[in-house]
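Reader: Please take a close look at a single part of this model, and then set it among its surroundings. I would like the cut-offs behind each term as you go.

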Amino acid sequence: MKKIILSLLLLTGLSAIKANAQMGAATKVKWDIEKDVVINMEMDNVWEIFNNNELQKKASNGYVSAIEVIDANMPVSRKIVFSNSGSRVENITQNEAHNKLIAINFSDTNLPKGIKSAEYAIFIKAKDSKTAVIWRAKINGNEEAKKALIEQLTAEFDSYAVGLDKMTKKSVPAARMN
C-alpha cells in the first residue's frame, strides 16, 4: 500500500513540475506595431465592417481599392489591392466572433524581399458606448525590410482609423452602408 501511495505522490509531483516548466516557457509577444483607436460606433457594427469586404474597403479611406477572396475555406485566402496598385495575399487564420478577434498572416509566396514572416491581429472591444479597435503586428526579417513594412502597415492602420471615424459621421448605421 505504501508503494502505491508513494508512486501516486511521485507521479503527481512530476506532473506539477512539468506544468510549471511549461508555464514558465510562455513569453509575452513583443509587437512591432501597436495601433489603438476608439470609434464612436457599436461593437457589432465595427465587427460587421471587418467581416464584409465592401465595408472594409470603404473603411480603408481609399487605401484599399479591392479585396478578392481567393479561397473561402479556413484559412481564408484573400488578395488585397491597394490604391497605389500594389497588392498582398494574406490568410485569415482566425476569425472569432465571440472574442471579436481576426488574425491574419501574409502568404509566404507574397512576402516582401527580406521579410521571413508577417502577421497582424485586429481586436475589437466594447469601451463604454464606443468601440476600441486594436491592431497588433509582428514582423520577422532584416531590419531594412522590416522598417519598410512597418511603415506600410502603420499607414494602412492609420487609414482605417480615419475611415472608421468618417463612417461614424454618416447618418446611416455602418452595418447597412454600401
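**The last helix and its surroundings**

Author: In H4, the buried residues are Ala145, Lys146, Leu149, Leu153, Glu156, Phe157, Ser159, Tyr160, Ala161, Gly163, Leu164 and Met167, where buried means under 20% relative accessible area, exposed means over 50%, and partly exposed lies in between (1.4 Å probe, protein chains only). The model is a predicted one, in which local features need pLDDT of at least 70 and side-chain atom pairs count only at pLDDT 80 or more, while totals for chains, interfaces and linings use all residues. Residues are numbered from 1 along each chain as its sequence is written, and side-chain values use heavy atoms, with hydrogens and water left out.

Helix H4 covers residues 143–168, which is 26 residues, and spans 37 Å from its first C-alpha to its last, close to the expected 38 Å; that expected span is 1.5 Å times one less than the number of residues. Helices (H or I, at least four residues) and strands (E, at least two) are DSSP runs, numbered from the N terminus. At the start of H4, a side-chain oxygen of Asn142 comes to within 3.2 Å of the backbone nitrogen of Glu144.

The protein has 4 helices and 7 strands, and from the N terminus on, its elements follow the order α-β-α-α-β-β-β-β-β-β-α. Of its 178 residues, 35% are buried. Contacts (heavy atoms within 4.5 Å) also reach along the chain: among those between residues at least 6 apart in sequence, 50% join residues at least 24 apart.

H4 is also among the elements that cover the buried residues of another helix. In H2 (residues 43–50), Asn45, Val46, Trp47, Ile49 and Phe50 are buried, and their cover includes helix H3 (53–59), S4, strand S5 (101–106), strand S6 (115–127), strand S7 (130–141) and H4. One residue of strand S4 (residues 87–96) is Glu96, which touches Trp47 and Leu101 when residues up to four places away in sequence are not counted. Glu96 is buried yet has no salt bridge, the nearest side chain of opposite charge being Lys125, 10.0 Å away; here Lys and Arg count as positive and Asp and Glu as negative, while His and the chain ends are not counted. The side chain of Glu96 does make a polar contact with that of Asn99, at 2.6 Å. A polar contact is a pair of N or O atoms within 3.5 Å; within protein, one must be able to donate a hydrogen and the other to accept it, and residues adjacent in sequence count only if both atoms are side-chain atoms.

Returning to H4, its residue Glu156 is buried, and Glu156 is linked with Arg78, Arg88 and Glu90 in a network of salt bridges. A salt bridge is a side-chain nitrogen of Lys or Arg within 4 Å of a carboxyl oxygen of Asp or Glu, and the structure holds 11 of them. Glu90 of that network is touched by Ser77, as are Glu68, Val69, Ile70, Asp71, Val89 and Asn91, again without residues up to four places away in sequence. Ser77 sits in strand S3 (residues 76–82) and counts as buried at 12% relative accessibility, and its side chain makes a polar contact of 3.5 Å with the side chain of Asn91.

Other salt bridges involve strand S7. Arg136 pairs with Asp36, their closest N and O atoms being 2.8 Å apart; because Arg136 lies in strand S7 and Asp36 in strand S1, this pair ties together parts that are 100 residues apart in sequence. Arg136 is buried, with a relative accessible area of 13%, whereas Asp36 is partly exposed at 45%. Asp32 forms a salt bridge with Lys138, with the closest N and O atoms 4.0 Å apart. Asp32 is in the loop between helix H1 (2–25) and strand S1 (33–39) and Lys138 is in strand S7, so the two join parts that are 106 residues apart in sequence.

Finally, a word on confidence: pLDDT is the predictor's confidence in each residue, from 0 to 100. The protein's mean pLDDT is 86, and 80% of its residues reach 70 or more. Over residues 5–23 the pLDDT is below 50, and this stretch has 0 contacts in the model beyond near neighbours in sequence. Over residues 174–178 the pLDDT is likewise below 50, with 13 contacts beyond near neighbours in sequence. Where pLDDT is low, the predicted coordinates should not be read in detail.
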